[in-house]
Amino acid sequence: MNAFLIILTGSLVAITCGLLGCFLILRKMAMIGDAISHSVLPGIVIAYLVAGSRDSTLMLIAAAITGVFTTFIIEFLNKHGRLQSDASIGVTFTWLFAIGVILISAYAGQVDLDQDCVLYGEIAYVPLDSWITGSGINLGPRALYIIGFVLLLVIFFIVIGYKELFLTTFDPAFASAIGISVTLWHYLLMTMVSITTVASFELVGAILVIAFLIAPAATAYLLTDKFKTMLFLTVIIGVITSFSGYYLAEWINGSISGAMSVISGLLFALAFLFSPKEGIVVKRVKYGFKTN
Amino acid sequence: MSAEIENPVLEIHDLTVTYSKKPVLWDVDMTIPKGSLAGIIGPNGAGKSTLIKSIMGLVPIASGYIKIFDKDLKEVRKNVSYVPQRGSVDWDFPASVVDVVMMGRYGHLGFFNYPKKADKEVALDALRKVGMDAYKNRQISELSGGQQQRVFLARAIAQQADIYFMDEPFAGVDAATERAIISLLKELADKGKTIVVVHHDLQTAPNYFDWMVLLNTRLVAHGPTQEVFNDENLKETYGGKLTLLSEISKLLENKRFPAREAK
């Protein structure tokens with residue numbers, strides 16, 4: 001039962017992150033997930049210090065605000081400071097993360113909110129933290145509800161905004177020429193990424209969140225040149241990653257998050273070598289060694 | 001030398017656009033009559049693309065106003081069609097030809113409406129007009145430069161607009177595509193549509209366009225081709241020396257940010 005709950009949680013995180021990741025890599029913004037997953041820390045700490053509790057909804061809202069604020073600073077430095085976008089990302093998130101670390105060590109040292117749990121998370125504890133009602137009925141792991149809700153939110157967002165997201169990603173100039181606000185959809189997407197990142201990294205840690213945001217989508221990108229297929233493949237790859245990652249961890253008796261990250265990297269490597277379109281091995285076999 | 005016309009479909013008054021204090025367009029005043037096939041001509045860096053982008057509301061304008069059909073762009077968006085430079089998008093994007101052409105219908109669909117059968121018909125019809133209907137299910141990464149340009153043109157036609165703004169549609173396309181595009185544009189103009197094209201090839205310009213805008217940061221001349229396309233105006237547009245204005249602003253720019261390349 002615990003294995004099932006952990007794989008299910010891992011899959012939901014992978015799907016949620018992967019769907020958004022498809023848009024991020026096509027917008028050449030893959031590292032924004034990295035930035036957000038770190039820079040939301042001060043927002044969470046401040047929310048905790050002000051409210052005095054680790055209420056999940058409050059954390060999500062605080063993180064979403066900090067996440068959007070982060071992307072706003074990145075955009076600002078990029079546009080008005082004429083700094084390259086990767087440099088703006090690097091400057092912004094390290095600085096915000098550092099503030100978070102200082103706040104934790106200075107004010108929240110005694111409580112259950114430390115840097116280890118933020119960075120590495122621990123998916124193995126998911127089944128332990130159950131949601132038990134007032135009358136004592138066990139409704140299953142709390143984490144499952146949170147990430148399930150966020151997944152529904154992300155699917156809803158992509159379904160209603162599909163055209164706008166697709167167009168603003170492919171051709172922002174044309175999008176704004178026909179009256180679709182590129183800025184609005186950028187920030188809506190960033191809000192989704194922030195919420196997803198925070199809901200996920202409490203469960204699986206920041207490193208696996210970044211892996212899930214980028215690797216399955218990048219793998220799918222190599223396997224297809226249809227966008228809808230790419231979204232679909234990302235979901236499948238996410239589930240495979242979570243499943244085989246769990247059993248790899250059990251086999252080597254190691255970290256589950258770590259094993260899942262390793263599997264996502266392995267799957268990418270397989271696609272890179274053997275993808276029917278882009279795989280370098282397939283190209284060599286088809287066209288000989290002369291062409292690249 | 002400027003032509004004043006009655007009831008223009010495009011009217012630009014006192015337009016100035018600057019990029020970090022450096023003027024790209026300076027005090028441009030121009031009009032374009034209905035049904036014309038107009039070329040915007042000028043050397044590199046003359047502000048041709050910027051002119052189209054400012055008409056489409058893509059760059060902030062420092063002063064002046066732009067009226068299309070005597071209204072603001074916001075009110076007539078559905079009647080205005082835009083073809084960005086081909087190089088402005090990533091052609092490795094996972095999309096098919098028909099996906100891209102269908103984007104021309106998005107402006108008519110509004111939020112949360114998916115394309116209907118009628119929209120698909122319009123898109124396929126647009127593809128037929130540019131001779132790309134056989135390629136409708138191809139992935140855009142598999143197209144040649146000329147085919148990419150035809151797809152962009154089909155997307156603009158699918159917008160079913162009355163005025164078209166095109167940024168360098170002939171750049172890097174094969175001769176057959178260039179001929180196909182120009183005959184299609186002439187056909188559209190004959191139907192009363194207005195077409196404004198950024199173009200940099202002086203050889204072909206007088207054959208293609210019946211109205212011309214000669215631009216080099218400032219407006220040099222605009223009017224019917226036979227009236228404005230002459231040696232004197234061309235010399236002024238392309239003349240060896242930079243105008244005093246851009247020289248001064250370049251000096252200022254260099255002094256302020258000595259280590260930076262001008263964009």
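Contact here means heavy atoms within 4.5 Å. The model is predicted.

## How chain B meets chain A

By that cut-off, 33 residues of chain B are in contact with 26 residues of chain A. The size of an interface is often given as the accessible area lost when the parts come together. Between chain B and chain A, about 2800 Å² is buried. Carbon and sulfur atoms give 65% of that area. On the chain B side, the residues that lose the most area to chain A are F93(B), P94(B) and Y106(B). Together they account for 25% of what that side buries.

## Polar links and make-up of the chain B side

Two salt bridges are found across the interface of chain B and chain A. What does D171(A) meet in a salt bridge? Its partner is the side chain of R155(B), at 2.7 Å from N to O. Between the two chains, seven residue pairs are in polar contact, with both residues at pLDDT 80 or more.

Two elements of chain B give two or more residues to the side that touches chain A: α3 (97-109) and α5 (145-158). Helix α3(B) supplies the largest share, seven residues. By type, the residues of this side of chain B divide into 17 nonpolar, eight polar and eight charged.

## The three-strand sheet of chain B

Chain B has an open sheet of three strands in the order β2-β1-β4, with antiparallel pairing. Strands β2 (22-32) and β4 (63-68) of chain B stand at the edges. Each has a single partner strand, so one side of each is left without a neighbour in the sheet. From one strand to the next, the twist averages 25°.

Strand β1 (residues 10-19) of chain B pairs with β2(B) over seven bridges, in the antiparallel sense. V17(B) stands opposite L25(B) of β2(B). Helix α1 (residues 48-55) of chain B packs on this sheet and touches β1, β2 and β4 of chain B. The direction of α1(B) makes about 115° with that of β1(B).

## The six-strand sheet of chain B

An open sheet of six strands runs in the order β5-β6-β7-β3-β8-β9 in chain B. Its pairing is mixed. The edge strands are β5 (80-83) and β9 (218-224) of chain B, each paired on one side only. Here the twist averages 15° from one strand to the next.

Strands β3 (residues 37-41) and β8 (residues 211-216) of chain B pair in the parallel sense over four bridges. Within β8(B), W211(B) is the bridge partner of A38(B).

Helix α1(B) lies across β3, β5, β6 (163-167), β7 (194-199) and β8 of chain B. This helix runs at about 145° to β7(B). Helix α1(B) thus has a place on this sheet and packs on the three-strand sheet too.

Methods:
Residues numbered from 1 in each chain as written. Chains lettered and ligands numbered in written order. Predicted model: local features only at pLDDT ≥ 70, side-chain atom pairs only at ≥ 80, totals over all residues. Heavy atoms only, no water. Pairing = 2+ DSSP bridges. Axes fitted to C-alpha atoms, helices over the stretch in contact; angles between N-to-C directions. Buried area = accessible area lost by both parts, 1.4 Å probe. Salt bridge = Lys/Arg side-chain N within 4 Å of Asp/Glu carboxyl O. Polar contact = N/O pair within 3.5 Å; in protein donor to acceptor, adjacent residues only side chain to side chain. Nonpolar A, V, L, I, M, F, W, Y, C, P; charged D, E, K, R; others polar.
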